[in-house]
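Hi everyone, thanks for coming. I'd like to walk you through a structure that's new to most of us, so have a look at it while I talk.

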Amino acid sequence: MNLTLNDEQTMLKNGAHEFFKERMPVKALRELRDKDVADGFDRALWAEMAALGWAGILIPEQFGGADFGYKGMGQVMEEAGRSLAASPLVASAALAAPLLLKAGSDAHKQALLPALANGEVLLALAHDEAPRHAPTRIATRVEQGAQGLVLNGCKTFVVDGHVADHFIVVARSSGERDARDGLTLLLVDAEAPGVSVTRTRMVDNRNAALVSFTDVVIGADALLGKVGEAHGALTAALDGARALLAAEMLGNACEAFERTLAYLKLRKQFGAVIGSFQALKHRAAHMFCELELTRSAVLGALDALDNGHADSAALCSLAKAKACDTLELVSAEAVQMHGGIGMTDAEEIGFFLKRARVAQQWLGDASFHRDRYASLMGF
Amino acid sequence: MSALEQFRAETRAWLDANCPASMRTPMPEDERVWGGRNARFKNPDSKLWLERMVARGWTVPGWPKAYGGGGLSRDELQVLKEEMSRMGCRSPLFSFGISMLGPVLLKYGTEEQKLEHLPKIARGETRWCQGYSEPGAGSDLAALATRAEDQGDHYLVNGQKIWTSYANYADWIFCLVRTDTSTKQGGISFLLFDMTSPGVETRPITLISGASVFCETFLTNVRVPKGNLVGRLNGGWEIAKELLQHERGMISDIGKSIGGIVPDVDVMAKKYLADADGRIGDPVLRDAVARHVMDDRAFSLTMRRAAQESEAGTANGGVSSMFKLFGTEQNKRKFELILKCAGTHALGWEGAPFSEEELTLCRTWLRSKGNSIEGGTSEIQLNVIAKRVLGLPD
Ligand SMILES: Cc1cc2nc3c(=O)[nH]c(=O)nc-3n(C[C@H](O)[C@H](O)[C@H](O)COP(=O)(O)OP(=O)(O)OC[C@H]3O[C@@H](n4cnc5c(N)ncnc54)[C@H](O)[C@@H]3O)c2cc1C
């Protein structure tokens with residue numbers, strides 16, 4: 001297992017660092033919020049990101065992608081996390097596109113992957129139905145009707161669902177509510193009759209959607225993979241996105257930590273910089289250790305994904321769980337150590353806290369992943 | 001086949017032919033081989049195993065051959081480590097000479113000192129102890145007061161050391177002494193001397209675990225030849241600190257090996273708590289066990305990454321403090337968690353109805369408490385990280 005970056009990955013990371021710092025700083029997120037931009041992100045900047053190849057990092061070259069692997073994509077995600085850059089990078093490029101690649105037919109791939117790779121088309125996964133991530137807790141049903149398959153159900157927290165051109169919908173074709181078997185993936189046009197999309201504004205100033213399907217008629221060409229057998233491809237795609245989201249969260253945590261460290265060296269009370277107080281020093285040192293462990297877990301998962309490691313499911317859960325715990329700690333401590341200033345909207349540190357909690361919930365929080373890890377390890 | 005693959009194949013074959021079967025089983029604490037003049041081999045295989053490894057220079061495989069080492073490259077060392085762990089081979093020899101003194105002697109020692117001491121360490125002939133702490137100088141180690149006075153051809157050493165691990169078994173001591181009282185760190189020197197010198201007296205101290213691993217060491221008019229000074233006069237602090245880095249690496253590793261025969265948390269939790277299907281029924285303990293084994297995994301990935309980064313020359317400093325801190329705290333959590341899973345079965349002191357494993361578990365739990373004290377406490381590691389890595393001011 002290689003836990004370092006090669007030269008190309010380092011270059012990609014450095015390039016992403018500059019890009020996000022210059023073009024998409026936290027200030028840009030604030031502007032999107034204050035101007036109430038309906039898309040929740042800047043399409044021109046997304047086009048720039050796509051031109052840099054980032055929308056297609058996980059897409060093979062034959063379909064117009066860069067095929068640069070999870071570790072490469074993880075570097076872009078980490079840097080995006082540092083500046084809280086709002087874009088469809090996770091929802092579309094890191095989650096839905098790889099799922100299409102894993103589950104779709106050649107026709108699906110030829111039809112959509114090139115446009116996903118160049119950023120023109122956005123895809124969102126319509127999956128969760130409950131307030132907490134529960135991948136098999138699916139009540140949305142797809143059934144045989146008079147004119148073919150018919151889809152009915154309601155999805156919550158469909159990240160970037162308000163801007164998606166298509167959804168990949170996880171529906172139940174058979175089985176009880178929590179059964180692994182009987183899940184089916186459907187590619188549904190966002191404009192199709194019976195599809196209703198409501199933008200939901202989240203605390204992190206980013207957007208998700210409530211998406212409902214009422215008697216949506218599904219053509220046979222909309223099936224991704226076999227009826228009732230979605231679980232494998234879905235889990236694999238979720239795992240990839242979990243590791244990448246963990247990389248974003250690592251970037252968020254590192255930036256929040258570094259800003260806090262800078263403040264500890266600046267702010268004076270009792271005639272001394274507050275960073276000289278041991279109560280704060282020890283907490284900072286503890287956070288440093290947790291960040292180091294998190295970085296290793298994230299790199300371990302990304303490397304495992306690129307190399308088809310037999311244990312990658314466990315490593316992805318490890319990465320996401322560690323990122324959740326560490327970011328929860330760091331984002332809360334960051335506000336606390338800034339004192340009153342940390343509570344103000346004018347100071348940016350609060351933005352890190354808000355994004356943190358949304359990212360923690362997305363694709364499973366720490367207790368979800370500990371439970372999963374325990375099951376994978378047989379206890 | 002690349003040279004490294006060739007080396008791997010040869011190593012595997014050699015280990016297979018030479019490592020006795022009983023040396024491929026988990027090691028009980030009392031079979032650990034420390035070497036020295038009074039070396040004891042409870043299991044005769046361990047003597048054989050030591051001799052074979054010594055002949056190859058593989059008790060210290062990374063040291064130069066001239067000093068009894070194996071002269072292996074970094075890559076070869078890694079291969080040897082992997083192959084030994086794959087076969088479950090025990091380390092043939094444990095000693096403070098290997099893990100602490102050797103590395104600094106290689107760097108600061110004179111050629112004569114190296115030739116005198118290193119081969120004996122490599123062969124397990126001299127057992128060393130560490131004379132750092134004193135009654136008034138623990139975390140604030142540089143406050144040490146043991147004096148060494150210049151008497152022309154020798155130093156005269158007077159003072160008291162404490163917590164000197166295995167001083168009662170050791171042949172030699174590496175000892176911090178004060179050679180200048182006008183400054184603190186700048187008045188410390190690093191001396192080596194024989195524990196049989198007149199004026200050296202040791203008194204064992206019993207630990208909460210019932211074992212006695214350390215001593216009070218009294219030094220009264222001990223004559224130490226001048227040639228036994230390592231590095232410059234009053235230049236001992238730099239050496240002392242560097243040695244501590246090696247010690248911290250060892251303690252975070254040894255955390256695992258002192259548990260020796262106590263299995264991992266998940267194995268123990270299953271043993272005491274699993275339902276018929278192997279699942280840990282208690283959801284709170286199950287979550288705690290998962291957290292623990294996941295942190296273990298993240299920690300071992302971090303050690304691996306640090307090794308890869310140091311090879312690539314991109315390492316960041318401060319890792320030895322981080323490893324010491326996390327490794328020892330994690331080891332303490334391990335035993336606390338196993339205790340919770342095993343309930344009163346892990347709290348027996350001796351005799352029936354407790355199994356050997358349960359009795360060891362209880363003693364090892366108590367011993368683990370010292371991990372975050374010895375070699376610099378956890379609080380001191382946090383101070384070091386805050387200062388050296390994060391640049392926070394005093
Ligand atoms: C099992 C074991 C083996 C040992 N073996 C050896 C050996 O072979 N040779 C040797 O020389 N020594 C040895 N030691 C001694 C060990 O290095 C010291 O115990 C250790 O450095 C702490 O010193 P102290 O015991 O005087 O505690 P103190 O320094 O008195 O510490 C008491 C408490 O105060 C805290 N504290 C102290 N200073 C600070 C600070 N600046 N900031 C925050 N908290 C602080 C400590 O963290 C600790 O919690 C051993 C100890 C143990 C437990």
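**Around the ligand**

Let's start at the ligand: 18 residues surround it, and the closest are B:S133, B:S139, B:W163, B:T377 and B:E379. Before I go on, please keep in mind that this is a predicted model.

So where does the ligand sit? It lies between chains A and B.

Now, what kinds of residues make up the shell around the ligand? Polar ones account for 10, nonpolar ones for five, and charged ones for three. If you want to find the shell on the screen, go to chain B and look for β3, residues 154–165, and α11, residues 378–389; each of them supplies at least two shell residues. In terms of domains, the shell takes at least three residues from domain 2 of chain B (128–234), and at least three from domain 3 of chain B (261–389).

Okay, on to the individual atoms. An oxygen atom of the ligand is 2.6 Å from an N or O atom in the side chain of B:S139, which you'll remember from that list of closest residues. At B:Y132 the partner is in the backbone: a polar atom there is 3.0 Å from an oxygen atom of the ligand. And then there's a nitrogen atom of the ligand, 3.3 Å from an N or O atom in the side chain of B:N383. How much of the ligand does the protein cover? On its own the ligand has 970 Å² of accessible area, and the protein covers 68% of that.

**Where the chains meet**

Let's zoom out to the two chains. On the chain B side, 37 residues are in contact with 44 residues of chain A. Between them the chains bury about 3,500 Å², with 64% of that on carbon and sulfur atoms. Which residues of chain B lose the most area to chain A? Those are B:M294, B:R297 and B:R305, and together they make up 20% of what the chain B side buries.

**Inside chain A**

Last stop, chain A by itself. The assignment splits it into domain 1 (7–122), domain 2 (124–228) and domain 3 (232–376). Take domains 1 and 2 of chain A: their C-alpha centres are 23 Å apart, and 26 residues of domain 1 are in contact with 23 of domain 2. About 1,800 Å² is buried between these two domains, and carbon and sulfur atoms give 59% of it. On the domain 1 side, A:L99, A:H108 and A:L122 supply 25% of the buried area, more than any other three residues.

That's my tour, thanks for listening!

Definitions and conventions: Residues are numbered from 1 along each chain as its sequence is written. Chains are lettered from A and ligands numbered from 1 in the order in which they are written. This is a predicted model: local features need pLDDT of at least 70, side-chain atom pairs count only at pLDDT 80 or more; totals for chains, interfaces and linings use all residues. Side-chain values use heavy atoms; hydrogens and water are left out. A residue is near a molecule or strand if one of its heavy atoms lies within 4 Å of it. A polar contact is a pair of N or O atoms within 3.5 Å; within protein, one must be able to donate a hydrogen and the other to accept it, and residues adjacent in sequence count only if both atoms are side-chain atoms. Accessible areas come from the Shrake-Rupley method with a 1.4 Å probe; for residues, only the protein chains shown count as cover. Helices (H or I, at least four residues) and strands (E, at least two) are DSSP runs, numbered from the N terminus. Ala, Val, Leu, Ile, Met, Phe, Trp, Tyr, Cys and Pro count as nonpolar, Asp, Glu, Lys and Arg as charged, and the others, Gly among them, as polar. Domain bounds come from an automatic or database domain assignment. Contact means heavy atoms within 4.5 Å. Buried area is the accessible area (1.4 Å probe) that two parts lose on being put together, summed over both.
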